[in-house]
Amino acid sequence: NGYFRVHYDLTGVNALGYDLNLLLQAIDSTYRFEINFLGYPSPPSDGTEGGDDKYDIYIQNIPGFYGFTQRENKVNPTNWTSYLVIDNDFPSGSYYTQGINAARVTVAHEFHHAIQMGNYAPINPSEPFRVSDIYFHELTSTSFEEFVFDDVNDYYAYMPSYFNHPEFPMPNQSGYSMAIWNIYLQMNFNFDIIKRQWELMSSKRALESIALSLNEISSNLGNELNKFGIWTYFTNSKAIQDRYFEEADNYPSITPTAIVSFTPPLKIYDMTVGPVAN
């Protein structure tokens, strides 16, 4: 649709390894969903960087990496222009998802990073990882892989990290593994709540933005974390049809954080909790 310029090679180490037309369709689909349908602002123009004012995407051989969003120039004290780089072939053996499907979710993921750093709160490289909001950037972008391309499910690869350690605070999770938190919010409150959190992120930290967005709709973070803990319990062999997550039977089983024992004749119950806020 004329918004992007895709830079690619036909031969050599960076040669495109999947169908170009399918890639272009995926890029346009991502733009239509994230910008036109959900109403996020476009990433700011980079002027004539890359040859013109279109948003640039570079296809390169970057083994082991799906892609990345590169900052270019500041447009104000906190926001940046950017461009995307995605792998040229996503071969089997190196990626959970291969070929064009891997390219699809990478575009959906990285383009939301471009929206984030161009219009909202950028990742602050001077902050230590454990106390920064990087997890929230990755949580959001990974969930957009599922929102834009529901059938691909590359995010399954990251889920064991959370399901094995649900007791870790949100900032101590990688973010990739907690895409289901946004999926939970979307299923219960629709997409607007996620966009509202990013609007608040312009002046707030991530946890405060999440909490305030829930307060605005007469809920609160504590209640939703408790409900989320229930949703993540009913996965895999415990999944209940038409309840909780739509793809719950494909998710891992949660590792209980505590076992509460009662003297006979009472039974033993598994008690699973969601992540704590801090």
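Visitor: What makes His113 count as buried or exposed in this model?

Guide: In this predicted model, His113 has a relative accessible area of 7%, and since buried means under 20%, His113 is called buried. The residue lies in helix H2.

Visitor: Which residues is His113 in contact with, once its neighbours within four places in sequence are left aside?

Guide: With those neighbours left aside, His113 is in contact with Thr69, His137, Glu138 and Ser141. The side chains of His113 and Ser141 are joined at 3.1 Å, and because a polar contact requires a pair of N or O atoms within 3.5 Å, that pair is called a polar contact.

Visitor: Why is the pair Lys195 and Glu199 called a salt bridge?

Guide: The closest N and O atoms of Lys195 and Glu199 are 3.1 Å apart, and because the cut-off for a salt bridge is 4 Å, the pair qualifies as one. The two residues sit 4 residues apart in helix H6, which spans residues 192-200, so about one helical turn separates them. Lys195 has 17% relative accessibility and therefore counts as buried, whereas Glu199, at 33%, is partly exposed.

Visitor: What makes Glu216 and Arg196 a salt bridge, and which parts of the chain does the pair link?

Guide: Their closest N and O atoms are 2.9 Å apart, which is within the 4 Å that a salt bridge allows. The pair links distant parts of the chain, with Glu216 in the loop between helix H7 (206-215) and helix H8 (221-233) and Arg196 in helix H6, 20 residues apart. Because partly exposed covers the range between 20% and 50%, the term applies to Glu216, whose relative accessible area is 47%, and to Arg196, whose value is 29%.

Visitor: How do you know that Lys227 and Glu224 form a salt bridge, and is Glu224 buried or exposed?

Guide: The closest N and O atoms of Lys227 and Glu224 are 3.8 Å apart, a value within the 4 Å limit, so the pair is counted. Being 3 residues apart in helix H8, the partners are separated by about one helical turn. Glu224, at 2% relative accessibility, counts as buried, while Lys227 is partly exposed with a relative accessible area of 42%. Elsewhere, salt bridges that share partners join Lys195, Arg196, Glu199 and Glu216 into one network; the structure holds 7 salt bridges.

Visitor: What span should the 18 residues of helix H1 have at 1.5 Å a residue, and how far apart are its end C-alpha atoms?

Guide: Helix H1, residues 20-37, should span 26 Å, and its end C-alpha atoms are 24 Å apart, which agrees. Asp19 caps the N-terminal end of H1, with a side-chain oxygen 2.9 Å from the backbone nitrogen of Asn21, and just after H1, Gly39 takes a positive phi of about 85 degrees. The buried residues of H1, among them Leu23, Ile27, Tyr31 and Phe33, pack against elements including strand E1 (4-7), helix H2 (99-119) and helix H3 (134-148).

Visitor: How do the axes of H5 and H8 cross?

Guide: The axes of helix H5 (residues 179-189) and H8 come within 11 Å and cross at roughly 105 degrees. Because angles of 65 to 115 degrees count as roughly perpendicular, H5 is described as roughly perpendicular to H8. Residues making the contact include Trp181, Tyr184 and Phe189 of H5, together with Glu224, Lys227 and Trp231 of H8.

Conventions: Residues numbered from 1 in each chain as written. Predicted model: local features only at pLDDT ≥ 70, side-chain atom pairs only at ≥ 80, totals over all residues. Heavy atoms only, no water. Salt bridge = Lys/Arg side-chain N within 4 Å of Asp/Glu carboxyl O. Buried < 20%, exposed > 50% of the residue type's maximum accessible area, 1.4 Å probe, protein only. Expected span 1.5 Å × (residues − 1). Contact = heavy atoms within 4.5 Å. Polar contact = N/O pair within 3.5 Å; in protein donor to acceptor, adjacent residues only side chain to side chain. Axes fitted to C-alpha atoms, helices over the stretch in contact; angles between N-to-C directions. Parallel < 35°, antiparallel > 145°, perpendicular 65-115°, else oblique.
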